[in-house]
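User: I should like a close look at one part of this model, namely the sheet. Please explain how its strands are arranged, and then place a few other elements beside that description.

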Amino acid sequence: MPAPFTACRPLRIAIDARLFSGKSGGIEQVAIGLVDALSKLTDGDEEYVVLAYPLSHEWIKPYIKGPCRLLVAPGVRPPPVWKRVVKRWPALVSAGQRAGGWLARRSVTLSRSDGTIEREGVEVMHFILQRAFFTKVPSLYHPHDLQHVHLPQFFPPRERVKRDVMLRSFCKQARVVSVTSSWVKRDLMRQYGLPDEKVAVVPLTGALGAYPTPSDDDIVAARRKFNLPEAFAFYPAQTWPHKNHAALLEALAVLRDRHGVVVPLVSSGHQNEYFATLQKRVAELRLAEQVRFVGFVSPLELQCLYRVCRCVVIPTLFEAASGPLNEAFMAGAAAACSNVTSLPEQAGESALVFDPNKADEIAAAILRLWHDETLRRTLIERGRANVARFTWDRTARHLRAWYRRLGGRPLTDQDRAMLEAAPLI
């Protein structure tokens with residue numbers, strides 16, 4: 001049971017950071033940015049416990065300071081035996097899905113709290129991961145996006161069912177559903193029927209501000225480690241199909257074959273099972289000499305790559321909002337990005353935009369950034385002004401206002417202003 005409330009006891013909030021470093025894509029940057037910002041809030045009376053896995057918490061420890069502390073615990077109970085048995089028989093699940101989806105949905109495992117946060121006296125639970133757990137503690141849930149609805153071809157049938165059951169269930173449980181942009185809010189309301197007042201737009205940003213600033217020696221070391229060319233385009237993204245590396249490779253081939261321009265590409269991020277397909281495509285397009293996939297990099301190395309690239313190119317097919325786009329703006333890199341979902345609103349006039357399904361358009365954007373130094377300087381200046389609207393301090397204060405409301409604590413004038421303000425994107 002939660003500890004009894006007393007007027008003098010600080011509000012205790014749990015932040016869900018149960019992920020494995022290097023394999024979670026942008027959500028790891030979200031966790032780092034949020035925890036770092038909450039650690040720096042010294043003008044409130046709150047305590048934050050950061051829930052992390054026993055075997056994966058070293059990555060978040062450097063950012064846990066001030067009112068934050070680490071809570072190493074699984075946080076969930078194992079699924080019922082019958083569900084574990086059913087999961088071993090995918091044919092049964094597939095048959096159930098063909099029959100109307102009942103068995104497939106019933107086989108989805110949704111975790112329940114093992115009592116860890118309740119014993120810690122947590123009064124508000126913030127799920128920043130799409131994977132959450134059932135608890136009676138008031139919660140704020142961040143579902144990120146409904147990509148499985150819009151791009152079902154990238155998900156096996158059971159994964160689509162699992163995502164749908166999971167997101168619907170935890171949106172229903174949550175007192176507040178937090179999203180990154182107005183586009184995602186409209187999408188959630190349309191697809192899941194959520195009421196307007198339950199969905200809050202709380203923009204996120206890049207985590208570069210929490211990372212160490214690279215020295216000249218750090219940059220030299222990064223150039224040597226990754227064998228970086230003097231000039232290159234950069235794309236930081238895990239190799240999921242929807243990140244659309246394949247179209248970017250096609251664009252590089254267009255630049256070489258039609259324009260005689262060889263643009264080296266460096267791409268960082270965890271290399272998952274789709275990476276083999278990309279390697280094959282690199283070979284087919286004869287791009288092996290100009291494309292480098294460097295895998296997951298450290299925060300310091302990421303800073304170096306942003307700072308020394310000639311441009312950042314983001315050809316993603318779907319995004320709630322782009323962390324790399326904001327990070328490019330923060331690091332002073334000229335950028336081009338897709339014209340999908342919320343990205344045009346996020347980019348404004350600070351980046352070139354293109355249709356990610358057209359290699360010719362991607363190539364044209366890269367060509368402009370590659371040769372036009374005046375354009376790059378203009379976009380860099382606009383990008384810095386754009387991203388200045390989005391800071392982790394602002395995000396942390398906005399979320400703290402929601403924590404206080406959910407925890408039944410008094411709101412300051414700043415809290416009320418942030419809760420009532422129109423969304424920035």
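Analyst: In β5, Leu140 is the bridge partner of His126. This predicted model can be described outward from that one pair. His126 and Leu140 are bridge partners within a larger pairing: strand β4, residues 124-127, runs parallel to strand β5, residues 139-141, and three bridges join the two.

In general, the strands of a sheet are paired through backbone hydrogen bonds, in either a parallel or an antiparallel sense. Here the sheet is open, consists of seven strands and shows parallel pairing. Read across, the order is β3-β2-β1-β4-β5-β6-β7. At the edges are β3 (68-72) and β7 (199-201), each of which pairs on one side only. From one strand to the next, the twist averages 25°.

Turning to the helices, α1 comprises the 14 residues 26-39. Its end C-alpha atoms are 20 Å apart, which agrees with the span of 20 Å expected at 1.5 Å a residue. Of the 14 residues of α1, 13 are buried, so this helix is largely enclosed by the rest of the structure.

A loop offers a further detail. Ser113 is located between α4 (102-106) and α5 (116-119). Its relative accessibility is 8%, and because buried means under 20%, Ser113 counts as buried. A polar atom of the Ser113 side chain lies 3.0 Å from the backbone nitrogen of Gly115.

How values were computed
Residues numbered from 1 in each chain as written. Predicted model: local features only at pLDDT ≥ 70, side-chain atom pairs only at ≥ 80, totals over all residues. Heavy atoms only, no water. Pairing = 2+ DSSP bridges. Helix = DSSP H or I, 4+ residues; strand = E, 2+ residues; numbered from the N terminus. Axes fitted to C-alpha atoms, helices over the stretch in contact; angles between N-to-C directions. Buried < 20%, exposed > 50% of the residue type's maximum accessible area, 1.4 Å probe, protein only. Polar contact = N/O pair within 3.5 Å; in protein donor to acceptor, adjacent residues only side chain to side chain. Expected span 1.5 Å × (residues − 1).
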